[in-house]
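Thanks for coming. I will take one strand first, then the loop beside it, then the two DNA strands. Please have the structure open.

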Protein chains: 2
Amino acid sequence: MFLRNTGRASSVSNYEGQAASTGEARVNVLRLSGPCERWDERDTDFIREILDLVGDKWSMLVIGVLAGGDARYSDLDTAIPAISRRMLTLTLKRLQRSGLVDRTAYAEVPPRVEYSLTGLGASLLSAIGHLAAWSAEQHTEIRRHQDAYDMSATRSAYLA
Amino acid sequence: MFLRNTGRASSVSNYEGQAASTGEARVNVLRLSGPCERWDERDTDFIREILDLVGDKWSMLVIGVLAGGDARYSDLDTAIPAISRRMLTLTLKRLQRSGLVDRTAYAEVPPRVEYSLTGLGASLLSAIGHLAAWSAEQHTEIRRHQDAYDMSATRSAYLA
DNA sequence: CGGCATCCTAACAGATACTG
DNA sequence: CAGTATCTGTTAGGATGCCG
């Protein structure tokens, strides 16, 4: 559907990636066990949209908390201690705008507001889960590369 | 492994998300067909790391191009017209530092430099693919929500 | 060709004070 | 409690010029 095959081979095919280990064909998901593939301009746009949606500093974390069930504003604030109230508000508004999160305000004193994942928001969890799984599997390896790179030779200050 | 179950139910379970449609159990990937789950602090860190790694404006796009086979600096520059040379360089360096991308310089005149995905980098394609697939499936729905939200009532200028 | 260095700007994000 | 408004610092990122 959105990842088309090209003839150009690279070093990809001999690596046992995650997709290869599923052993199960999914129509619209890139599989690494076969020859090399690349994405076209549409995929670029899709990636862009996802990044715009949840590629910021807090969105995925908020979604992660809401995955555990509805939460009040203050619940989220304490569940994500590092976030400022400003950023929490902004993040919630954006998620709400895109239909990933529902906001329910109860007219009480003191006021109570519950946030919850919508079905749409919940459907994102799976995709995020794959990313988290990849990170969990590879982060030691990644750290190793980074350390090795940082150790090797003095490099320019161009890279912060 | 990293997504633990909580008793609190939400509106998640009746939505046919992506995970549910795979029909195949994966040990470490969140499945939405069951009761609601949430992530612990470790997952938060994993998400953080992924975002730090490829959550920026260009990394995923560069990876996408390299998925199509090795490419020279100028190939990447033309394949991603919107990117500035500065950002391309910075992005490649960071990907290289984390071991996702390999750089091979040939001592010729004029100089030639080839970039390629490492096995590690290629293994990310699958996870990204899930995100892209989600975006492809849902982006119309998302747009619809956004439009509706933007239409409804005048809201404060707090949200840009 | 494949970069690096410099300048500059705008968006992002934290702290704080205030409000319905 | 659940925000909003404002002020301010920090960083991401674009434009441009130079250099091996």
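Start with strand β5 of chain A, residues 112-117, which is mostly covered: five of its six residues are buried. Buried here is under 20% relative accessible area, exposed is over 50%, and partly exposed is in between, with a 1.4 Å probe and protein chains only. Strands are DSSP runs of E with at least two residues, helices are runs of H or I with at least four, and both are numbered from the N terminus.

Some bookkeeping: this is a predicted model, where local features need pLDDT of at least 70 and side-chain atom pairs count only at pLDDT 80 or more, while totals for chains, interfaces and linings use all residues. Residues are numbered from 1 along each chain as its sequence is written, chains are lettered from A and ligands numbered from 1 in the order in which they are written, and side-chain values use heavy atoms, with hydrogens and water left out.

Back to β5(A) and its partners. Two strands pair if DSSP finds at least two bridges between them. Strand β3 of chain A, residues 71-72, pairs with β5(A) in the antiparallel sense over two bridges, and there A:Arg72 has A:Glu114 as its bridge partner. Strand β4 of chain A, residues 101-106, is also antiparallel to β5(A), over six bridges. In that pairing A:Val101 is matched with A:Leu117. The connection from β4(A) to β5(A) is a hairpin through five residues.

What joins A:Val109 and A:Pro110? A cis peptide bond, with omega at about -5°. A:Pro110 is in the loop between β4 and β5 of chain A. Chain B has a cis peptide bond between B:Val109 and B:Pro110, with omega about 0°, and B:Pro110 is in the loop between β4 (101-106) and β5 (112-117) of chain B. As background, most peptide bonds are trans.

Now DNA strand C. A residue is near a strand if one of its heavy atoms lies within 4 Å of it. Of the 22 residues around DNA strand C, those that come nearest are A:Arg86, B:Ser74, B:Thr89, B:Arg103 and B:Tyr115. Of the atoms of DNA strand C within 4 Å of the protein, 64% are sugar and phosphate.

For polar contacts, the cut-off is a pair of N or O atoms within 3.5 Å; within protein, one must be able to donate a hydrogen and the other to accept it, and residues adjacent in sequence count only if both atoms are side-chain atoms. On DNA strand C, a base nitrogen is 2.7 Å from a polar side-chain atom of A:Arg86. B:Lys93 places a polar side-chain atom 3.0 Å from a phosphate oxygen of DNA strand C. B:Pro111 uses a backbone N or O atom, 3.3 Å from a sugar or linking oxygen of DNA strand C. Which element gives the most to this surface? It is α5(B), with four residues.

DNA strand D next. Its 22 surrounding residues include A:Ser74, A:Arg85, A:Arg103, A:Tyr115 and B:Arg86, which come nearest. A side-chain N or O atom of B:Arg86 is 2.5 Å from a base nitrogen of DNA strand D. A:Tyr115 has a side-chain N or O atom 2.7 Å from a phosphate oxygen of DNA strand D, and a backbone N or O atom of A:Val113 is 3.4 Å from a phosphate oxygen of DNA strand D. Here α5(A) gives the most, with four residues.
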